[in-house]
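Me: I am new to this structure and should like to learn how to read it. Could we go through its features one at a time?

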Amino acid sequence: MVVWLVSFLQAVGPVLVPICFCFAWLLLAILAWNLWQLTQEGLAIARRLHQIPCARCRFFSGDYRLKCSLHPDWAATEAAIQCPDYHFE
């Protein structure tokens, strides 16, 4: 049994080295691609959240109990990006 396994590994060994080499580089490429996509998605979310105008609005109090006297349900959320009552101080 052991002799058969050793002879099999000696016969297949030259083929396994390039396959494992390509597989390792494929895994690194997939990891790099996923990191790139994660970075791009994070930047897109950050850009969208920086469009929320509430912190510069006259009606924004900054108090956690009542952030906005006009729209307390969607103050400081993405729904406030197109706020019709936004008034710059």
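Reply: Let us begin with one side chain. This is a predicted model, and in it Arg48 is partly exposed, with a relative accessible area of 34%.

Me: What does Arg48 form a salt bridge with?

Reply: The general idea comes before the case. Side chains of opposite charge can pair when their charged atoms come close. Here the partner of Arg48 is Glu78, and their closest N and O atoms are 2.7 Å apart. Arg48 belongs to helix H1 and Glu78 to the segment after H1, so this pair ties together parts that are 30 residues apart in sequence.

Me: Is Glu78 buried, partly exposed or exposed?

Reply: The value to read is the relative accessibility: under 20% is buried and over 50% is exposed, with partly exposed in between. Glu78 has 39%, so it counts as partly exposed.

Me: How many salt bridges are found in the whole structure?

Reply: The search finds two. One of them joins Glu78 and Arg48. Another is formed by the side chains of Asp63 and Arg65, with an N to O distance of 3.3 Å. Asp63 counts as partly exposed because its relative accessibility is 27%, whereas Arg65, with a relative accessible area of 65%, is exposed.

Me: How far apart are the mean positions of the positive and negative charges of the protein?

Reply: Here one reads the charges as two groups. The protein has 6 positive and 6 negative charges, and the mean positions of the two groups lie 5 Å apart.

Me: How many helices and strands are there in the protein?

Reply: There are one helix and zero strands. The helix, H1, covers 2-49, and Ala76 is found in the segment after it.

Me: What is the phi value of Ala76?

Reply: Phi is read residue by residue. For Ala76 it is near 60°, a positive value in a residue other than glycine. As for accessibility, Ala76 has 36% and so counts as partly exposed.

Me: Which residues does Phe60 touch, leaving out those up to four places away in sequence?

Reply: Phe60 touches Cys54, Ala55, Lys67 and Ala76. Phe60 is itself in the segment after H1, and it counts as partly exposed because its relative accessibility is 25%.

Me: What separates Phe60 from Ala46 in space?

Reply: Separation along the chain and separation in space are read side by side. Phe60 and Ala46 are 14 residues apart along the chain, and their C-alpha atoms are separated by 21 Å. A second pair can be read in this way: Pro84 and Thr39 are 45 residues apart in sequence and 32 Å apart in space, C-alpha to C-alpha. Pro84 lies in the segment after H1, and its relative accessible area of 66% means that it is exposed.

Me: What radius of gyration does the protein have, and what would a compact globule of 89 residues have?

Reply: The reading rests on a comparison with a globule. A compact globule of 89 residues would have a radius near 12 Å, but this protein has 29 Å. The C-alpha trace spans about 80 × 20 × 15 Å along its principal axes.

Me: What share of the residues in the protein is buried?

Reply: Buried residues make up 11% of the 89 residues. The accessible surface comes to about 7500 Å², and 70% of it belongs to carbon and sulfur atoms.

Key: Residues numbered from 1 in each chain as written. Heavy atoms only, no water. Helix = DSSP H or I, 4+ residues; strand = E, 2+ residues; numbered from the N terminus. Rg over C-alpha atoms; globule rule 2.2 N^0.38 Å. Buried < 20%, exposed > 50% of the residue type's maximum accessible area, 1.4 Å probe, protein only. Areas by Shrake-Rupley, 256 points an atom, 1.4 Å probe, with all protein chains shown as cover. Lys, Arg positive; Asp, Glu negative; His and termini not counted. Charge placed at Lys NZ, Arg CZ, Asp CG, Glu CD. Salt bridge = Lys/Arg side-chain N within 4 Å of Asp/Glu carboxyl O. Contact = heavy atoms within 4.5 Å.
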